[in-house]
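Here is a short briefing to keep beside you while you look over the model. It goes topic by topic, so feel free to jump around.

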Amino acid sequence: MKVGVLFRETFRGSFHLLDDPFTTRAADVHLIVNIDDWAALAKDGAARLEGTVSLEGIADRVELEGSVRYRLRREKRVPYDFTFVGEGGTGYRFRGQREPHPVSPLEVFTNLRFSLYDPDDHEIGRGLVRCDLRSDLRRLIGSVRAKLVS
């Protein structure tokens with residue numbers, strides 16, 4: 001048995017579909033970050049994601065699975081990649097990243113820019129979700145839990 005860690009991240013914002021760029025849609029992402037493998041975290045910065053995603057007109061609180069890689073030192077970014085099944089049984093992929101901005105260095109903690117892909121891996125949408133440092137950071141810290149991993 002090994003000891004792992006999990007914590008929660010919450011992001012809210014909006015996105016648009018590329019074929020309808022003037023219609024803004026709501027986005028809500030609730031993630032559980034699981035650090036099960038400390039060697040993978042040290043080597044690649046990799047952690048496993050699960051949680052739920054709501055993207056207006058596409059998915060309403062559906063389960064997601066994927067990964068996040070903490071690569072701030074080497075790549076100056078934190079990439080997120082997860083999949084989910086939306087309304088009508090269609091599979092989608094969410095790829096995004098948090099990265100530092102020279103004028104606003106705290107953006108790496110708050111902003112997650114993303115693209116949405118269809119089952120054929122064609123980009124169909126883009127958006128920005130954010131966490132609120134005041135309330136969401138407190139919740140993130142309060143959500144940190146140790147767990148046993150076999």
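A nonpolar patch of about 380 Å² sits on the surface of this predicted model, and Met1, Val3 and Leu148 make it up. Below, the notes start with that patch, then turn to the strands, the core and the charged pairs.

**The surface patch**

- Met1 belongs to the segment that comes before strand S1 (2–17).
- With a relative accessible area of 76%, Met1 is exposed, because the cut-off for that word is over 50%.

**Strand S7 and its partners**

- Is strand S7 largely enclosed or not enclosed by the rest of the structure? Six of the seven residues in S7 (residues 111–117) are buried, so the strand is largely enclosed by the rest of the structure.
- On one pairing, S7 is joined to strand S6 (residues 91–98) by five bridges, and the two run antiparallel.
- On another, S7 is joined to strand S8 (residues 123–130) by seven bridges, again with an antiparallel run.
- Ser115 is a handy residue to follow across these pairings: Arg95 stands opposite Ser115 of S7, and in S8 the bridge partner of Ser115 is Arg126.
- S7 and S8 form a hairpin, with five residues between the two strands. Asp121, in the turn, has a positive phi of about 65°.

**The nonpolar core**

- The largest nonpolar core holds 29 residues, and the members that touch the most others are Leu55, Ile58, Phe82 and Phe84.
- Which elements give two or more residues to this core? They are S1, strand S2 (20–35), strand S3 (46–55), strand S4 (59–69), strand S5 (78–85), S6 and S7.
- S2 gives the most to the core, with five residues.
- As background, nonpolar side chains in soluble globular proteins tend to be buried together.
- If you would like one core residue to click on, try Ile58. Setting aside neighbours within four places in sequence, Ile58 is in contact with Phe15, Leu17, Phe84, Gly86, Glu87, Tyr92 and Leu116.

**Salt bridges**

- How many salt bridges are there? The count comes to nine, and three of them are described here.
- Arg93 and Asp81 form a salt bridge whose closest N and O atoms are 2.6 Å apart. This pair links distant parts of the chain, with Arg93 in strand S6 and Asp81 in strand S5, twelve residues apart.
- Both ends of that pair count as partly exposed: Arg93 has 29% relative accessibility, and Asp81 has 23%.
- Glu123 pairs with Arg126 in another salt bridge, where the closest N and O atoms are 2.7 Å apart. Arg126 is also the bridge partner of Ser115 noted above.
- Glu123 counts as partly exposed at 26% relative accessibility, as does Arg126 at 43%.
- Asp36, Arg48, Glu50 and Lys147 are joined into one network by salt bridges that share partners.
- Within that network, Arg48 forms a salt bridge with Glu50, and their closest N and O atoms are 2.9 Å apart.
- Arg48 is partly exposed, with a relative accessible area of 36%, and Glu50 also counts as partly exposed, at 30%.

Technical notes
Residues numbered from 1 in each chain as written. Predicted model: local features only at pLDDT ≥ 70, side-chain atom pairs only at ≥ 80, totals over all residues. Heavy atoms only, no water. Patch = residues over 30% accessible without salt bridge, like charges linked within 9 Å, V, L, I, M, F, W, Y side chains within 5 Å. Areas by Shrake-Rupley, 256 points an atom, 1.4 Å probe, with all protein chains shown as cover. Salt bridge = Lys/Arg side-chain N within 4 Å of Asp/Glu carboxyl O. Helix = DSSP H or I, 4+ residues; strand = E, 2+ residues; numbered from the N terminus. Buried < 20%, exposed > 50% of the residue type's maximum accessible area, 1.4 Å probe, protein only. Pairing = 2+ DSSP bridges. Core = buried A, V, L, I, M, F, W, Y, C linked by side-chain atoms within 4.5 Å. Contact = heavy atoms within 4.5 Å.
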